[in-house]
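Dear colleague,

Please find the structure below, handed over for your own work. My account of the findings follows it.

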Amino acid sequence: MDRAAAVSKMIEMLLDATPSLKGQAGQFYDSYEAQRLLLRGLMNMCQVKRRPGDEFFTLQDELLSAERDERPSVTFEQLPRNPLSSKIRIYRGDILNVKADAIVNAANSSLLGCFIAGHNCIDNCIHSAAGLQLRFECNEIMQKAGHPASVGCAVVTSGYNLKAPHVIHTVGPNISGPLEPRDREDLASCYKNCLDRALQSGFRSVAFPCISTGAFSFPHTEAAEVAIPAVLDHINAHPEDPDVIFVVFDKVDAEAYDYVIKNLMDKRLHPDKKPTEARLSALWNVKAPK
């Protein structure tokens, strides 16, 4: 496959459907890297009422599957054991590298993905790597539902061009003020409901991102303090649960998960010991001093 030619052809098809974007598209450099970014942006903005033809999907799938195969693959078995549970592992990296039965997408209530061109939220990254079929499948689901997805939902779709053959979409709580007990309960429900759906679907492994800690502004450490116990409780209640990978992408989330795991282990070994304090970067999302 001539990637440059394929990218150019797909851009042409998308611009023919949205002529108003041709002026902006013409400002991109002619390099492959710039044109590939343009293609991603146009795909991000593609509306469900403008479904491309079969030729577009053939070219798209060839490109995305080739890019998928060039990324490293990470499986549960390759990751270091975790002291909390034999069924939990931590991976610091890109969730797109994870080869599990399902990865979880921190979605918005439309479930259609992020329409902001080139935005690097996890919702956008997953949809961009899976392909436009994911948006159209989600649209069919939402049309049948007839209402926005609720916080804590767990909706299973195909993964299309991802390493994971399935995606579980969940909507986390969006924090706009002080953190409330209900916010913690809503976040815990995301993890529990996703595990319920994974169990019902017969999945043997599932990878979670740090739900709601990005644009939805759930504090990092508090989110980890909800996520890990929620998954542990579910595993303890359901020994047949799939293996779980917590994917931490940023340093702040890695520190938050390390902090929570250490305190949980200390509590097991020394029930009366006072929890250690979290580092500032894990609490406030600022860079830790070097």
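**Pockets, a cavity and two helix contacts**

In the lining of the second largest pocket, 7 residues are nonpolar, 2 are polar and 7 are charged. Please bear in mind that this is a predicted model, and that the values in this message are computed from it.

The second largest pocket encloses about 390 Å³ of space. Its lining consists of 16 residues, and those nearest the centre are R36, R40, E67, R71 and A129. Two or more lining residues come from each of α3 (32–45), α4 (54–70) and α5. Of these elements, α3 provides the largest share, 7 residues.

Two of the helices that line this pocket also pack against each other. The axes of α3 and α4 lie 14 Å apart and form an angle of about 120°. The arrangement of α3 relative to α4 is therefore oblique, and α3 passes α4 in a left-handed crossing. On the α3 side, the contact is made by Y32, R36, L39 and M43, and on the α4 side by F56, Q60, L63, L64 and E67. By class, the residues of this contact are 6 nonpolar, 1 polar and 2 charged. R36 and E67 thus appear in two roles: they take part in the contact of α3 with α4, and they are among the residues nearest the centre of the second largest pocket.

I turn next to the largest pocket. The space in the largest pocket amounts to about 840 Å³. It is lined by 36 residues, with N120, C121, I122, C210 and G214 nearest its centre. The lining of the largest pocket draws at least two residues from each of β2 (102–107), α5 (122–130), β6 (243–248) and α10 (280–284). The element that gives the most is α5, with 4 residues. In terms of class, the lining of the largest pocket has 21 nonpolar, 11 polar and 4 charged residues. Helix α5 accordingly contributes at least two residues to the lining of the largest pocket and two or more to that of the second largest pocket.

As to enclosed space, the structure holds 1 cavity of 30 Å³ or more. The volume of the largest cavity is about 60 Å³. Its lining is formed by M43, N44, H127, S128, G131, L132 and R135. Here the elements that give two or more residues are α3, α5 and α6 (132–145). The lining of the largest cavity comprises 2 nonpolar, 4 polar and 1 charged residues. One of its lining residues, M43, also belongs to the α3 side of the contact with α4.

A second helix pair remains to be described. Helix α7 (residues 181–201) and helix α8 (residues 220–237) have axes that come within 9 Å and cross at roughly 40°. These two helices are therefore oblique to each other, and α7 passes α8 in a right-handed crossing. From α7, the residues in contact are R184, L187, A188, Y191, K192, L195 and D196; they meet E222, A223, V226, A227, A230, V231 and H234 of α8. Sorted by class, the contact of α7 with α8 has 9 nonpolar, 1 polar and 4 charged residues.

Which residues lie nearest the centre of the largest pocket? They are N120, C121, I122, C210 and G214, should you wish to begin your inspection there.

With kind regards

Methods:
Residues numbered from 1 in each chain as written. Predicted model: local features only at pLDDT ≥ 70, side-chain atom pairs only at ≥ 80, totals over all residues. Heavy atoms only, no water. Axes fitted to C-alpha atoms, helices over the stretch in contact; angles between N-to-C directions. Parallel < 35°, antiparallel > 145°, perpendicular 65-115°, else oblique. Left-handed = near helix turned anticlockwise from the far one by under 90°. Contact = heavy atoms within 4.5 Å. Nonpolar A, V, L, I, M, F, W, Y, C, P; charged D, E, K, R; others polar. 1 Å grid on protein atoms, 1.4 Å probe; cavity = no way out; pocket = protein on both sides within 12 Å on 5 of 7 lines; lining within 4 Å. Points joined across faces, edges and corners; volume = space filled by probe spheres on them.
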